[in-house]
Amino acid sequence: MIRNVIRAAWIAVGLTAAPVSAEEPFIVVQSTTSTQNSGLLDYILPGFEAETGIDVRVVAVGTGQAIRNAINGDGDVLLVHSKLAEDQFVADGWGVERFDVMYNDFVLVGPKSDPAKVRGGMDIVAALTAVSEVEAPFASRGDDSGTHKAEMRLWDWADADPTDASGTWYRETGSGMGATLNVASGMGAYVLTDRATWQSFGNRGDLEILVEGDPRLFNQYGIILVNPDKHPQVRVSAGQRFIDWLIGPDGQAAIASYKLEGQQLFFPNAK
Amino acid sequence: MALILNGDAELWAIVLLSLKVSIFAVLISALIGMPVGAALAVARFPGRRVLIVLMNALMGFPPVVVGLLVYLMLSRSGPLGVLELLYTPTAMIIAQVVLVTPIIAALTRQVVEMLAEEYSEQLRSLGVSRLASVPVLLWDARLALVTALLAGFGRAIAEVGAVIIVGGNINHVTRVMTTTIALETSKGNLALALALGAILIGIAVAVNAMVSTLSLQAEREGLRHA
């Protein structure tokens with residue numbers, strides 16, 4: 001009896017497992033959680049896939065991890081948001097060429113009670129200084145992601161090193177943007193987030209945007225083809241086609257037309 | 001919430017993939033783990049105790065570490081990179097096999113060791129060598145071994161740390177129940193994540209109920225034939 005069941009399970013699994021590895025062309029894109037969690041990629045990719053028949057498989061992790069995965073060759077295209085790290089990636093020969101794709105901005109989110117009294121300010125560096133002075137809870141990604149790198153740059157400008165206070169008012173979650181927002185929401189902490197993830201985040205609790213609009217909160221996304229000289233298995237033509245599409249008129253228009261609750265989340269700026 | 005209430009095709013595809021990956025992983029683990037466990041139960045050789053302790057310890061192998069090891073093997077810059085298995089369901093099955101095999105092997109070892117002691121006189125009088133008795137003992141322990149399979153299945157279907165690393169949580173390719181729950185949690189969609197969790201528990205209950213009914217039936221049939 002049991003033997004028959006197991007045999008039946010084998011057959012069922014064997015038969016249905018086959019289509020998973022279908023032979024349709026695909027590329028693997030190493031990208032960041034913000035492009036996925038915001039719903040942008042789910043919105044724009046079907047257009048590209050319908051036009052080209054190329055399936056785009058997105059692995060959404062932090063920028064730091066995405067770049068490391070790409071260095072290992074585990075992706076054909078890199079779509080992330082940390083220009084310095086991207087330029088370094090290309091300079092080191094891991095990527096072919098970097099193109100601007102789109103931008104949005106970071107915002108400082110915090111509890112309505114706003115213990116550091118930063119609400120309405122336009123100066124992000126002054127706001128962070130105020131947070132560190134009153135030692136108000138601050139949740140940091142702490143994961144070498146694009147947002148984390150941006151946050152560390154801002155602390156640098158504020159001439160502060162909050163990691164000295166790690167574990168007290170400064171909490172490094174070591175997790176993605178969404179998980180970090182959940183932590184901040186749970187303990188009423190300040191947190192730096194990209195606007196797209198914030199806009200699509202469903203568990204805001206007592207948090208709201210307190211500081212926005214500082215030019216230093218600019219958040220640029222870039223796209224790079226992984227260098228086939230380093231990893232011959234890179235799917236060059238399909239990957240290049242995706243890049244050309246995304247920085248071309250169709251892709252740029254698709255990015256611009258994505259709105260959540262009436263608000264545009266990403267602004268195309270390919271040259 | 002609509003995703004669940006409408007019995008969305010996408011949701012069912014995710015459920016199906018979860019089941020497919022975990023069932024496949026458990027079957028492969030059983031093929032490896034049961035003979036190994038049984039052999040360890042009956043064989044006597046130096047270092048056997050150490051192996052048993054090691055195997056028992058591996059039951060607590062952190063999934064994230066397994067995910068990382070399998071990632072390093074399957075990465076294009078890893079030794080098995082040419083196989084292009086990373087970010088496929090096969091990669092997830094491999095990771096789960098690594099996690100589940102020690103559980104099945106350790107539980108099999110325990111069950112078979114008890115049986116072997118019970119039957120040691122008979123087996124010896126029939127002139128059956130220790131290792132040759134393995135298939136007989138496994139067959140005799142089959143009902144108890146179902147529990148080992150279920151324990152393995154429970155570990156596999158509930159696991160997220162390893163499959164999210166080697167599968168990449170790619171929509172329509174490697175997204176399973178647990179990685180969907182992780183994704184929805186990170187989007188702050190806590191109600192949806194909880195609802196998906198409830199479905200996952202429901203599946204686990206259904207599978208356990210089905211298997212226990214089958215083994216009960218088998219037990220009755222066995223009694224009738226005896």
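**Entry 1: the annotated span of chain B**

I looked up the UniProt record for chain B first; an unreviewed entry there puts the feature "domain: ABC transmembrane type-1" at residues 15–211. I am reading this from a predicted model. For residues 15–211 of chain B, I find 77% helix and 0% strand, and the end C-alpha atoms are 18 Å apart.

I then checked the "transmembrane region" feature, also from an unreviewed UniProt entry, which is placed at residues 12–43, 50–74, 86–107, 143–170 and 190–211 of chain B. I took two of these spans further. Residues 12–43 of chain B are 97% helix and 0% strand, with 45 Å between the end C-alpha atoms. Residues 143–170 of chain B are 82% helix and 0% strand, and here the end C-alpha atoms lie 38 Å apart.

**Entry 2: chain B as a whole**

I counted elements in chain B and got 10 helices and zero strands. Read from the N terminus, the order is therefore α-α-α-α-α-α-α-α-α-α. Along the principal axes, the C-alpha atoms of chain B fill a box of roughly 65 × 45 × 25 Å.

**Entry 3: α2(B) against α7(B)**

I wanted the geometry of this helix pair. The axes of α2(B) and α7(B), the latter being residues 142–158, come within 9 Å and cross at roughly 135°. That angle makes α2(B) oblique to α7(B), because only values over 145 degrees count as roughly antiparallel. I note the crossing of α2(B) past α7(B) as right-handed.

Which residues make the contact? From α2(B) I list Ser18(B), Ser22(B), Ala25(B), Val26(B), Ser29(B), Ala30(B) and Met34(B). From α7(B) I list Leu145(B), Leu149(B), Gly152(B), Phe153(B), Ala156(B) and Ile157(B). Sorted by class, this contact of α2(B) with α7(B) holds nine nonpolar residues, four polar ones and no charged ones.

**Entry 4: where chain B touches chain A**

I turned to the interface between the chains. Here 28 residues of chain B are in contact with 31 residues of chain A. On the chain B side, the elements giving two or more residues are α2 (9–42), α9 (177–186) and α10 (190–225). Of the elements of chain B, α10(B) gives the most to this side, six residues. I sorted the chain B side by class and found 11 nonpolar, 11 polar and six charged residues.

**Entry 5: the two domains of chain A**

I noted the division of chain A: domain 1 takes 21–103 + 220–268, and domain 2 takes 104–217. The C-alpha centres of these two domains of chain A are 26 Å apart.

How many residues are in contact between domain 1 and domain 2 of chain A? I find 20 from domain 1 and 15 from domain 2. On the domain 1 side, α2 (33–37) and α4 (63–71) of chain A are the elements that give two or more residues. The largest share there comes from α2(A), with three residues. By class, the domain 1 side has eight nonpolar residues, 12 polar ones and no charged ones.

**Entry 6: α6(A) against α7(A)**

I looked last at a helix pair in chain A. Helix α6 (residues 124–134) and helix α7 (residues 146–157) of chain A pack at about 80°, with 9 Å between their axes. I therefore record α6(A) and α7(A) as roughly perpendicular to each other. Ile124(A), Val125(A) and Leu128(A) of α6(A) meet Leu154(A), Trp155(A) and Trp157(A) of α7(A). By class, the contact of α6(A) with α7(A) comes out as six nonpolar residues, with no polar and no charged ones.

Definitions and conventions
Residues numbered from 1 in each chain as written. Chains lettered and ligands numbered in written order. Predicted model: local features only at pLDDT ≥ 70, side-chain atom pairs only at ≥ 80, totals over all residues. Domains from an automatic or database assignment. Contact = placed C-beta atoms within 7 Å. Helix = DSSP H or I, 4+ residues; strand = E, 2+ residues; numbered from the N terminus. Nonpolar A, V, L, I, M, F, W, Y, C, P; charged D, E, K, R; others polar. UniProt positions renumbered as here; feature names shortened; annotations may be inferred. Axes fitted to C-alpha atoms, helices over the stretch in contact; angles between N-to-C directions. Parallel < 35°, antiparallel > 145°, perpendicular 65-115°, else oblique. Left-handed = near helix turned anticlockwise from the far one by under 90°.
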